[in-house]
Amino acid sequence: MIDLTTICAISTPPGQGGIAVIRVSGKDALGICDTVFIPEKNKQKIVDQFPNTIRFGKIYKGEEVLDEVLVSVFHAPHSFTGEDTVEISCHGSIYIQHEIIKLLLANGCRLATSGEFTQRAFLNGKMDLSQAEAVVDVIVSSSAASHRLAFNQMRGGFSKELQKLREQLLDFVSLVELELDFSEEDVEFANRTKLMDLVSNIQAIISHLIQSFDVGNAIKNGISVAIVGETNAGKSTLLNLLLNEEKAIVSDVHGTTRDIIEDVININGINFRFIDTAGIRDTEDEIETMGIERTFRKIEQASVIVWMIDSTQFSEKIDKIADRIVPRTESKNLIIVFNKVDKIDEEEQAVLEEEFLPEVKAKRIYLSAKFKKNTEELEKALLDAAQLPQIGENDVVVTNLRHYEALKKALESIERVKQGLQDGISGDFLSQDIRECMHFLGEITGGEITGDEVLGNIFSKFCIGK
Ligand SMILES: Nc1nc2c(ncn2[C@@H]2O[C@H](COP(=O)(O)OP(=O)(O)OP(=O)(O)O)[C@@H](O)[C@H]2O)c(=O)[nH]1
Ligand SMILES: [Mg+2]
């Protein structure tokens, strides 16, 4: 059931800013705001104010003027939520913001719950669920790539793709079900080869969307890069260099880093999540051993591995570490970084270039983390290793785990349809599987979600005021 109470919340970030925006939405939004706002010029009420206009005036707390504000008015259904909406832009004082909210509550508003404005936009048909979810992604996007994906999804790019799929499925199921209606006569309206083509096409589109999740996830959450290697190789120095901040402790004591340290930075519009790890060595120290176990776990989880080697120290010890690192990086991108090249001469570097594990396929960089030499080359190697395809404005890439799960279920159903066609199973079984596939696709856009609990769960991830 749609709750029609008028809701209000501060939509700008918590704390003090230049200005703050308070949003009021619901059937009494205009009237409630009239109880606290008096415009500067004529005394026209907000309920009489033209929609999509802004007025200057004062907010009163009883006789006292609380603030000078701007009030923007939108009429249903032409607002974000689809309801009558007022946005009050006030000065950014925390006191003023809270006082205005208190006044609105006293005059009949209820405080909005997390994501309630967007939830209403969805319930009022202003956007489908995947678009509503993209609103959050747009808000939190922190790189050009994640912004582009989220924005495309919010504008309905993904929804259109799903709509096309559903239409194809509908064509398909209609043909199959038509046959069922005439089952006595044993006719075949749907040419089996044509059906097979159709189902293969749908399967390919769904698979493609599923595959895009790896890229989408990497863009949204950052590409994970584990910096690993022997103790004292300069891993923490490199992390600090990349982050441009003294995040990790650096010292010439072996075994300085014992836990995982990570942070995200943006290189050329792409977010990388760098993970500094405990140096690998044989040790009796219990805590250090636990740290090293974590290093190996991070190697498993990360998609790019930067293996750091102290160029001045490479010896038979390296083989032992190589045995522990190289087999774990087979399906990943490995970058070998020879660090501290400021301390070796050209001849020594040539030996490294020729003799260091020639059989291991990896990009090799000769770096001085301490003196910031060749860092650009490393950044370029990282961008190459990220292997992100160029994403155009209209490309659809799945970034949301819920969508990914639904697509996987849709794929299972469509694969059953394909198998069914091959096995010549009867039309009613085929139609059941096709309808199931449509159901899972519908879960993504929200058309097939009925439970309040599911919706509540999705919108609870939003912040209040959105
Ligand atoms: N000459 C030179 N010294 C460096 C370079 N990079 C790091 N160092 C020094 O090497 C020592 C170890 O650096 P760290 O960054 O702490 O090494 P780590 O790999 O994090 O070591 P653990 O945390 O013990 O595994 C420090 O004294 C650094 O100043 C470099 O490029 N050249
Ligand atoms: Mg360290």
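1. Let's start with what packs over helix α10. In this predicted model, the cover on the buried residues of α10 includes β8 (223–229), α9 (286–301) and β11 (304–310). The residues being covered are Ile318, Ile321, Ala322 and Ile325, in a helix that runs over residues 316–325. Viewed down the axis of α10, these buried residues fall within an arc of 110 degrees, so they line one face of the helix. Glu316, Lys320 and Asp323 are exposed on the other side of α10.

2. The magnesium ion (ligand 2) is worth a look next. Its protein donors are Ser236, through OG, and Thr257, through OG1, lying 2.0 Å from the ion. Ser236 belongs to helix α8 (residues 235–243), while Thr257 sits in the loop between α8 and β9 (261–267), so the pair ties together parts that are 21 residues apart in sequence. Ser236 and Thr257 are both buried. Do keep in mind that water is not among the atoms, so the site may look incomplete.

3. Now to the cysteines. You will find zero disulfides here. Why does Cys8 not form one? The closest cysteine sulfur to that of Cys8 is in Cys109, at 4.3 Å, which is too far for a bond; the cut-off for a disulfide is 2.5 Å. Cys8 is also buried, with a relative accessible area of 0%.

4. Cys33 can be read in a similar way. Its closest cysteine sulfur is again in Cys109, but at 6.5 Å that is too far for a bond. Cys33 counts as buried too, at 1% relative accessibility.

Notes: Residues are numbered from 1 along each chain as its sequence is written. Chains are lettered from A and ligands numbered from 1 in the order in which they are written. This is a predicted model: local features need pLDDT of at least 70, side-chain atom pairs count only at pLDDT 80 or more; totals for chains, interfaces and linings use all residues. Side-chain values use heavy atoms; hydrogens and water are left out. Buried means under 20% relative accessible area, exposed over 50%, partly exposed in between (1.4 Å probe, protein chains only). Helices (H or I, at least four residues) and strands (E, at least two) are DSSP runs, numbered from the N terminus. The arc is that of the directions from the helix axis to the C-beta atoms. Contact means heavy atoms within 4.5 Å. Donors are N, O and S atoms within 2.8 Å of the metal (3.2 Å for Na, K and Ca); water is not among the atoms, so sites may look incomplete.
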